Number of protein chains: 2
Amino acid sequence: MKRDIFQAIADPTRRAIIALIALQAMTPNALAENFHTTRQAVSKHLRILTECELVTPEQRGREIYYSLEIDKMKEIDKWLEQYRKIWETRFDQLGEVLVGLKKKKSEE
Amino acid sequence: MKRDIFQAIADPTRRAIIALIALQAMTPNALAENFHTTRQAVSKHLRILTECELVTPEQRGREIYYSLEIDKMKEIDKWLEQYRKIWETRFDQLGEVLVGLKKKKSEE
DNA sequence: GACACGTGCAACCTTTTGGTTGCATACTGT
DNA sequence: ACAGTATGCAACCAAAAGGTTGCACGTGTC
């Protein structure tokens, strides 16, 4: 049952959890207050996120604070890289077109 | 059954499809040759990708060429933006730490 | 027109997903 | 030690995902 990071961020609730703990480490209980589900459901999401190493638990007394492993997010960025190249290339081409239009206009 | 772009890229086969048609528009048949599934399964993936507007079909004779809507990929980039800010900030802080260490060392 | 080809869609099936309830465990404070 | 709090885990369930097979519908080719 190995999930990759893309499956991890596929679920809206998990993305919301990520957004919340990006600001500050939070406990499952505190997180659950933000959603219309049970604490256990949130716990399951945290389990998945932890397995993907997107999130790290840290025990403090009887509470467990979960924090975001921001480095893991870079993997998505790395995957996007190849496509970013494409759209930047197309933007450059668009730029050339615009320059071409401008040139044409100035020649009028 | 409305899927968002994050669910669309969650499936490995769909990411592979995206990677293939990023290079050049392809037909479902041609795509299916690259996977160990039936043409119909690929067709279903293409349907999902089309619904998310990640992919656009173009009929040419009796073939349909699917091409990547690169602009849609920017949505992922936009989502990542908030986290990129975080890791860049932390990197800066790391930089300060390094500078601090260096300074300390030179004072020895 | 007849036929092959390329494709999408419906029906069906199995596995996975996301959720719930109930319970066991661990730490706190009195 | 005991009550209360914070949490994870197992069992169960409904819905969704991903796959397959069979079929219908256009479009080219002869």
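**Protein chains A and B around DNA strands C and D**

In this predicted model, 26 residues lie around DNA strand C, and Thr38(A), Ala41(A), Gly61(A), Thr27(B) and Asn29(B) come nearest.

Me: What makes a residue count as near DNA strand C?
Reply: Its C-beta atom, placed from the backbone, has to lie within 6 Å of the strand. The residues around DNA strand C number 26. Two or more residues each come from helix H4 (39-51) of chain A and from helix H3 (28-32), helix H4 (39-51) and strand E2 (63-68) of chain B.

Me: Which element gives the largest share of the surface near DNA strand C?
Reply: H4(B) does, with five residues.

Me: How do you know how the surface near DNA strand C divides by class?
Reply: Asp, Glu, Lys and Arg count as charged, and Gly is among the polar residues. On that basis the surface has seven nonpolar, 11 polar and eight charged residues.

Me: Which residues are closest to DNA strand D?
Reply: Thr27(A), Asn29(A), Thr38(B), Ala41(B) and Gly61(B), out of 25 that surround the strand. Helix H3 (28-32), H4 and strand E2 (63-68) of chain A, together with H4 of chain B, each give two or more residues. H4(A) gives the most, with five. The classes here are seven nonpolar, 11 polar and seven charged.

Me: How do you know whether the length of H4(B) agrees with the expected span?
Reply: The expected span is 1.5 Å times one less than the number of residues. For the 13 residues of H4(B) that gives 18 Å, and the end C-alpha atoms are 18 Å apart, so the two agree.

Me: Why are some residues of H4(B) called buried, and which are they?
Reply: A residue is called buried because 20 or more other C-beta atoms lie within 10 Å of its own. In H4(B), Val42(B), His45(B), Leu46(B) and Leu49(B) are buried. Seen down the helix axis, the buried residues fall within an arc of 100 degrees, so they line one face of H4(B). They pack against helix H1 (5-8), helix H2 (12-23), H3, strand E1 (55-60) and E2 of chain B.

Me: What follows H4(B)?
Reply: Glu53(B), whose phi is positive, near 65 degrees.

Me: What makes two residues of chains A and B count as in contact?
Reply: Their C-beta atoms have to lie within 7 Å. By that test 16 residues of chain B are in contact with 16 residues of chain A. On the chain B side, H1 and helix H5 (70-107) each supply at least two residues, and H5(B) has the largest share, 11 residues. This side divides into 11 nonpolar, one polar and four charged residues.

How values were computed:
Residues numbered from 1 in each chain as written. Chains lettered and ligands numbered in written order. Predicted model: local features only at pLDDT ≥ 70, side-chain atom pairs only at ≥ 80, totals over all residues. Helix = DSSP H or I, 4+ residues; strand = E, 2+ residues; numbered from the N terminus. Buried ≥ 20, exposed ≤ 12 C-beta atoms within 10 Å, placed from the backbone. Arc of directions from axis to C-beta.
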